[in-house]
Amino acid sequence: MKTASPGKIMNIAFVILTLLLLSWCWQWTAGVYYGNVNGLVFLTVQDQNYSLQFQARTRPKWQWSTPVHFRYSNVILTLKSDNQERTLKLQLPGPTLPDGTVFSSKSLGRFVTNDSLENLTNSRFTQQVNALHRILVSLGNGTFSKPRHHPYFTETPLNMSYSHFCLGGGRVHGLIFWVLWLTCWSVVYAVRFQKRKSCNNVVEDNITNA
């Protein structure tokens, strides 16, 4: 019975390994990812309407698998009311002001109402502010809603819509690894072919000289 030569076995193993590696690289999710949050909250206090936008983004970071939670280091609040607009940047986790002062739910209420203490006694407004403050805390500690392609909508206790995306990805990195694999093996085969060709030439020269 004729057995396969080592070269043939190596060729078959190479094809099988290449196909398996391609399948693995296509499913590979390791790569550079970052989170991005953009939300809009509508608040009403004694016939006064406020809209507050919050935005946060993490730094790109290498992950071995697709992340399902992000920890944000800062968040930007943009408040609009009566043709006025105010912006505040908070440090997370905390949240805290840039000078390190703790930014409590009461501080958030005062920011929304422009330091009006009268509205802070409104129970519905207090519930809304507390819920919004919990969202800011969750952005910093990694317990915020998981990222997904579709936006979120809530009505109670906050009338709010927001998007949370996981951006970046690893499939490209996997395919790049597969291309490198093919390139390296192509070089190996080229070197082997060149050596075999040189050996054959030497044998032919010896036969000719003989």
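Strands S6 (152–154) and S7 (159–169) pair in the antiparallel sense over three bridges, where two strands count as paired if DSSP finds at least two bridges between them. The two form a hairpin with four residues between them. One of the contacts in this pairing joins Thr 154 to its bridge partner in S7, Met 160. Helices (H or I, at least four residues) and strands (E, at least two) are DSSP runs, numbered from the N terminus. The model described here is predicted, and local features need pLDDT of at least 70, side-chain atom pairs count only at pLDDT 80 or more, and totals for chains, interfaces and linings use all residues. Residues are numbered from 1 along each chain as its sequence is written, and side-chain values use heavy atoms, with hydrogens and water left out.

S7 also pairs with strand S1: 11 bridges join the two, which run antiparallel. Here Phe 42 has Asn 159 of S7 as its bridge partner. Val 41 is found in S1 too, and is buried, with a relative accessible area of 0%; buried means under 20% relative accessible area, exposed over 50%, and partly exposed in between (1.4 Å probe, protein chains only). Although Val 41 and Leu 158 are 117 residues apart along the chain, their C-alpha atoms are separated by 6.9 Å. Beyond residues up to four places away in sequence, Val 41 touches Tyr 50, Ser 51, Leu 52, Phe 54, Leu 132, Leu 158, Asn 159 and Met 160, a contact being heavy atoms within 4.5 Å.

The next topic is the interior. The largest nonpolar core has 32 residues; such a core is a set of buried Ala, Val, Leu, Ile, Met, Phe, Trp, Tyr and Cys residues joined through side-chain atoms within 4.5 Å. Those with the most contacts inside it include Phe 54, Val 75, Leu 108 and Leu 139. Elements giving two or more residues to this core include S1, S2, S4, S5, H2, H3 and S7, and H3 gives the most, with seven residues. In soluble globular proteins, nonpolar side chains tend to be buried together.

Helix H3 (123–141) has 19 residues and reaches 27 Å from its first C-alpha to its last, close to the 27 Å expected, the expected span being 1.5 Å times one less than the number of residues. Among its buried residues are Phe 125, Leu 132, Leu 136 and Leu 139, and what covers the buried residues of H3 includes S1, S2, S4, S5, H2 and S7. Leu 139 is in contact with Val 37, Phe 54, Phe 70, Tyr 72 and Phe 144, among others, leaving aside neighbours within four places in sequence. After the helix comes Gly 142, whose phi is positive, near 85°.

Aromatic side chains complete the picture. The whole structure holds three aromatic pairs, with rings of Phe, Tyr and Trp (its six-membered ring) pairing if their centres lie within 6.5 Å, and planes under 30 degrees apart counting as stacked, over 60 as edge-to-face and the rest as tilted. The rings of Phe 70 and Tyr 72 are 6.4 Å apart at their centres, with planes at 50°, so this pair is tilted. Phe 144 and Tyr 162 have ring centres 5.1 Å apart and planes at 45°, so they are tilted as well. Phe 144 lies in the loop between H3 and S6, whereas Tyr 162 belongs to S7, 18 residues apart. Together with Tyr 152, these two residues form one aromatic cluster.
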